[in-house]
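Reader: Happy to have you here. Could you walk me through the reasoning behind the labels as we look together?

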Amino acid sequence: MNGNVNTSAVIGGSRKASWLIRFTQWRERHISAKNFTLILAVIVGLFSAFAALILKNLIHFIQHFLTENFSTNEANYLYLLYPVVGIFLAGLFIRYIVRDDIGHGVTKILYAISRKQARIRPHNMYSSVVASSITIGFGGSVGAEAPIVLTGSAIGSNLGKLFRVDARTMMLLVGCGAAGAVAGIFKAPIAGLVFTIEVLLIDLTMSSLMPLLISSVTAATVSYIATGTESMFHFTMVNSFTMERIPYVILMGIICGFVSLYFSETMNKLEDFFRRYKNPYVKFVIGGVALSLLIFIFPSLYGEGYETIELLLNGSNPTEWGAAMDNSFFYGHSRMLLIYLALVVLFKVFATTATNAGGGCGGIFAPSLFLGCITGFVYSRFCNNMGLSVYLPENNFALFGMAGLMSGVMHAPLTGIFLIAELTGGYDLFLPLMITSAFSYLTIRVFQSHSIYSMRLAKKGELLTHHKDQSILTLMRTENVIEKDFKTTTADMELGSFTTIISESRRNLFPVLNKDNRLVGIVQLDDVRHYMFRSELYHRYTMDKFMREPVARLSVTDAMDVVMRKFDDTRAWNLPVEDEDGRYLGFVSRSKIFNEYRKIMLDYSDE
């Protein structure tokens, strides 16, 4: 029976390989590589948009089903139950069905681009959709955008893997999936394109621009057809922007930068706290209890928070804005609105981290928009209550805050500008959006050189950047440049025996190993050249007389920029490499690194 199964599998695999070979041969004859990439970009855009629509509808269905009968004028105790159930179910799905970590979606994409040749596992095409819809539908205080970006990138990666495209095209298809996902879920094609360039660090060249643009436009078109042409958030500009408000907009940007810093730093510290606990059920209990209590006290933290954003963008008086406190103990106390919203800003990061660390799945797109909207509203409302001579329209400043937080948290000012303009149709406010985004970004850059997505990868030297040299070094792996054709010797080997090794070697360098395969020194041919032809010394000298300590040692886990730094510091031409346990593996040479560097540079250069 087993033999029959294996035979069937082989036959099935052969048929698949045969089909791919025939298709590849036909495609190479009739479709150029550039045009084929554009076709794949359209397909990636279509599937990314469909995935985004499925995720949004699942979330809305679950939320409506669970909360449609909630009372608005009193606390609802089911807020204590729903979030816990959501992250528990999502955690079970991830732990026992997916069996892989699917959190930090954008960080995973960055890691795949930098260290895995843009290869993302097939389950990511659906697992994030399922897990995040359960998490957010039941009230998890996270966003659906990062999971759908991972889904879109996984679609691009696996489509590229299916058609066996080269590494550069694979990376581009991952970017197309991300661009299509953002464009599809937000109906924002420009933001999808800019996000991919700014956050995923895909280089902007003519060969990469068109596939990204096509994927974004395709996904946005599908969303327009399915949900209408209206912007995601309804926004009507009542007060035009005036130049006298520029100083207040600049201050708004600086405040957004500090709120972004608070959000990023606090999230990192909270994640470090949860990381101390290895048992997932302990994390679930801590995260679930914290999340449920926070949502019970501040119902605005339930889910993505888009209802609160819509309310603050379109409300015109304290009564309408006070609806943000519905379902809570604060209901009916409109004078406490600013205090309530300030507390929501303070505790949002705790709710978001508790959701993901407790077992849920979600991203920080929506939390960034949510926090930015509230920050802008609170700032402008507070200034107006102070009786300043210049009136600051709360609706407009809520919009500016969304752009500011997006720019600060993600270190992506262009994404913040275009996303908010496309989300709300607020193109008439482009100048203040630019000012807020720029000053928010400049403020957080003083304290953080990397975004919340990339800082951990940057610390490990695993982040691909727009710096060409650094990017190529990041793509290189130490294990791929190790040379192992060096003849080895031992410290007690006699000179006579060593001359035989010299005659068999094409190298002038000989590692000296002990019985545990650890490097104790190296012998260079020049050090024995004057002795090797004197046979009377063959039994007098052993290799410990000639060996020397290497000027530096490399570890197979060293990032390539670390390797290059050691070469520069020592001016050596060859350096030995050891595994994680200190055992000898081989040598790395400057020439080997240069050849690999040039190969990667050619692979990723424009045609």
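Reader: How many nonpolar, polar and charged residues are in the lining of the largest cavity?

Author: Six are nonpolar, three are polar and one is charged. Please keep in mind that this is a predicted model. The lining consists of Ile-87, Phe-88, Gly-91, Leu-92, Arg-95, Pro-280, Tyr-281, Phe-284, Gly-358 and Gly-359. Glycine counts as polar here and arginine as charged, so Gly-91, Gly-358 and Gly-359 are the polar residues and Arg-95 is the charged one.

Reader: Which helix gives the most to the lining of the largest cavity?

Author: That is α3, with five residues. Both α3 (82-98) and α11 supply at least two residues of this lining. The space inside is about 50 Å³.

Reader: What makes the lining of the second largest cavity split the way it does between nonpolar, polar and charged?

Author: Its residues are Ile-102, Gly-103, His-104, Gly-105, Ala-146, Pro-147, Cys-361, Gly-362 and Gly-363. Since glycine is put with the polar residues, and cysteine and proline with the nonpolar ones, the division comes to four nonpolar, five polar and no charged. This cavity has a volume of about 30 Å³, and the count of cavities of 30 Å³ or more is two.

Reader: Now to the helices. Why is α11 called roughly antiparallel to α14?

Author: Helix α11 (residues 280-297) packs against helix α14 (residues 337-357) at an angle of about 155°, and their axes are 8 Å apart. Angles over 145 degrees count as roughly antiparallel, so α11 is roughly antiparallel to α14. Their crossing is left-handed. On the α11 side, the contact is made by Lys-283, Gly-287, Ala-290, Leu-291, Leu-294 and Ile-297. From α14 come Tyr-340, Phe-347, Phe-350, Ala-351, Ala-354, Thr-355 and Ala-357. By class, this contact has ten nonpolar, two polar and one charged residues.

Reader: Why are α15 and α16 called oblique to each other?

Author: The axes of helix α15 (residues 365-385) and helix α16 (residues 394-410) cross at roughly 135° and come within 6 Å. Roughly antiparallel requires an angle over 145 degrees, and roughly perpendicular covers 65 to 115. The angle of roughly 135° fits neither range, so α15 and α16 are oblique. The crossing of α15 and α16 is right-handed, and the residues of their contact divide into 13 nonpolar, seven polar and two charged.

Reader: What makes α2 oblique to α7?

Author: The axes of α2 and helix α7 (residues 167-186) cross at roughly 40° and come within 8 Å. Roughly parallel needs an angle under 35 degrees, and roughly perpendicular begins at 65, so α2 is oblique to α7. The crossing of α2 and α7 is right-handed. The contact includes Leu-40, Ala-41 and Val-44 of α2, and Leu-172, Leu-173 and Cys-176 of α7. Its residues divide into nine nonpolar, six polar and one charged.

Reader: Which residues lie nearest the centre of the second largest pocket?

Author: Gln-63, Tyr-302, Tyr-306, Glu-307 and Thr-308 do, out of the 33 residues that line this pocket. Helix α2 gives the most to the lining, with seven residues, and α2 (33-67) and α12 (306-314) each supply at least two. The lining divides into 14 nonpolar, eleven polar and eight charged residues, and the pocket holds about 820 Å³ of space.

Key. Residues are numbered from 1 along each chain as its sequence is written. This is a predicted model: local features need pLDDT of at least 70, side-chain atom pairs count only at pLDDT 80 or more; totals for chains, interfaces and linings use all residues. Side-chain values use heavy atoms; hydrogens and water are left out. Axes are lines fitted to C-alpha atoms, for helices over the stretch in contact, and angles run from 0 to 180 degrees between N-to-C directions. Helices (H or I, at least four residues) and strands (E, at least two) are DSSP runs, numbered from the N terminus. A crossing is left-handed if the near helix is turned anticlockwise from the far one by less than a right angle, and right-handed if clockwise. Contact means heavy atoms within 4.5 Å. On a 1 Å grid over the protein atoms alone, a cavity is a set of points where a 1.4 Å probe fits but cannot get out, and a pocket is an open set with protein on both sides within 12 Å along at least five of seven lines; lining residues have an atom within 4 Å of a point. Grid points are joined across faces, edges and corners, and a volume is the space filled by probe spheres set on the points.
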